[in-house]
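Visitor: Please take one part of this model and go through it closely. I would like to hear about the salt bridges and then what surrounds them.

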Amino acid sequence: MLKDWNKLTQDLSGLMGQVHKGIPDVGQGFSQMAKGATQDGALSPKHKELMAVAISIAVRCDGCIGFHVKAAHKHGATREELMEVIGMAMYMGGGPSFVYGAQALEAYDQFAEA
């Protein structure tokens, strides 16, 4: 196991909570934006989270991978769907996306075991 994705997301949640308390207006604004962006619409929350996983891989954000893979799994994304998302991210982002795609797969497997 390369990373403990459950611990990573728990630890980041705590740290981000501290930031939210320190700048509550900004934290509230971010939370509202997240709520609006992920709500059910023309695209389901599952598909939106899978899009966020692809972006997380492409921008190489460990925390983003953790949070969005966890949410995609929660919304019913399958391992096969995640594999296709990783493939698209690799296509768009090259070698670095291959590395982060492998980490997203590890995260999915850990969240699926929990």
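Guide: What follows deals with the salt bridges, then a loop residue, the main pocket and a surface patch.

The model is predicted. A search of the whole structure gives four salt bridges, among them the pairs described here.

Asp62 is paired with Lys3, and their closest N and O atoms are 2.6 Å apart. Because Asp62 sits in helix H4 and Lys3 in the segment before H1, this pair ties together parts that are 59 residues apart in sequence. Asp62 has a relative accessibility of 25% and counts as partly exposed.

Another of the bridges joins Lys46 to Glu81, with 2.8 Å between the closest N and O atoms. This pair also links distant parts of the chain, Lys46 being in helix H3 and Glu81 in helix H5 (residues 79–113), 35 residues apart. The two partners fall into separate accessibility classes, as the cut-off for buried is under 20% relative accessible area. Lys46, at 17%, therefore counts as buried, while Glu81, at 25%, counts as partly exposed.

Arg79 forms a salt bridge with Asp109, the closest N and O atoms lying 2.7 Å apart. Arg79 is partly exposed at 34% relative accessibility, and Asp109 is partly exposed at 25%.

Next comes the loop between H3 and H4, where Arg60 is found. Phi of Arg60 is positive, near 60°, in a residue other than glycine. Most residues other than glycine have a negative phi. Arg60 is partly exposed, with a relative accessible area of 40%.

The helices on either side of that loop also take part in the largest pocket: H1, H2 (24–38), H3 (45–59) and H4 (62–74) each supply at least two residues of its lining. The largest pocket holds about 700 Å³ of space. Its lining is made of 22 residues, and Met16, Phe30, Ser31, Ala34 and His68 are the ones that lie nearest its centre. H2 gives the largest share of the lining, nine residues. By residue class, the lining of the largest pocket has 13 nonpolar, six polar and three charged members.

Last is the surface patch. Val19, Ile23 and Val26 make a nonpolar surface patch of about 260 Å². Val19 belongs to helix H1 (residues 5–22), one of the helices that supply the pocket lining. With a relative accessible area of 48%, Val19 is partly exposed.

Definitions and conventions: Residues numbered from 1 in each chain as written. Predicted model: local features only at pLDDT ≥ 70, side-chain atom pairs only at ≥ 80, totals over all residues. Heavy atoms only, no water. Patch = residues over 30% accessible without salt bridge, like charges linked within 9 Å, V, L, I, M, F, W, Y side chains within 5 Å. Areas by Shrake-Rupley, 256 points an atom, 1.4 Å probe, with all protein chains shown as cover. Salt bridge = Lys/Arg side-chain N within 4 Å of Asp/Glu carboxyl O. Helix = DSSP H or I, 4+ residues; strand = E, 2+ residues; numbered from the N terminus. Buried < 20%, exposed > 50% of the residue type's maximum accessible area, 1.4 Å probe, protein only. 1 Å grid on protein atoms, 1.4 Å probe; cavity = no way out; pocket = protein on both sides within 12 Å on 5 of 7 lines; lining within 4 Å. Points joined across faces, edges and corners; volume = space filled by probe spheres on them. Nonpolar A, V, L, I, M, F, W, Y, C, P; charged D, E, K, R; others polar.
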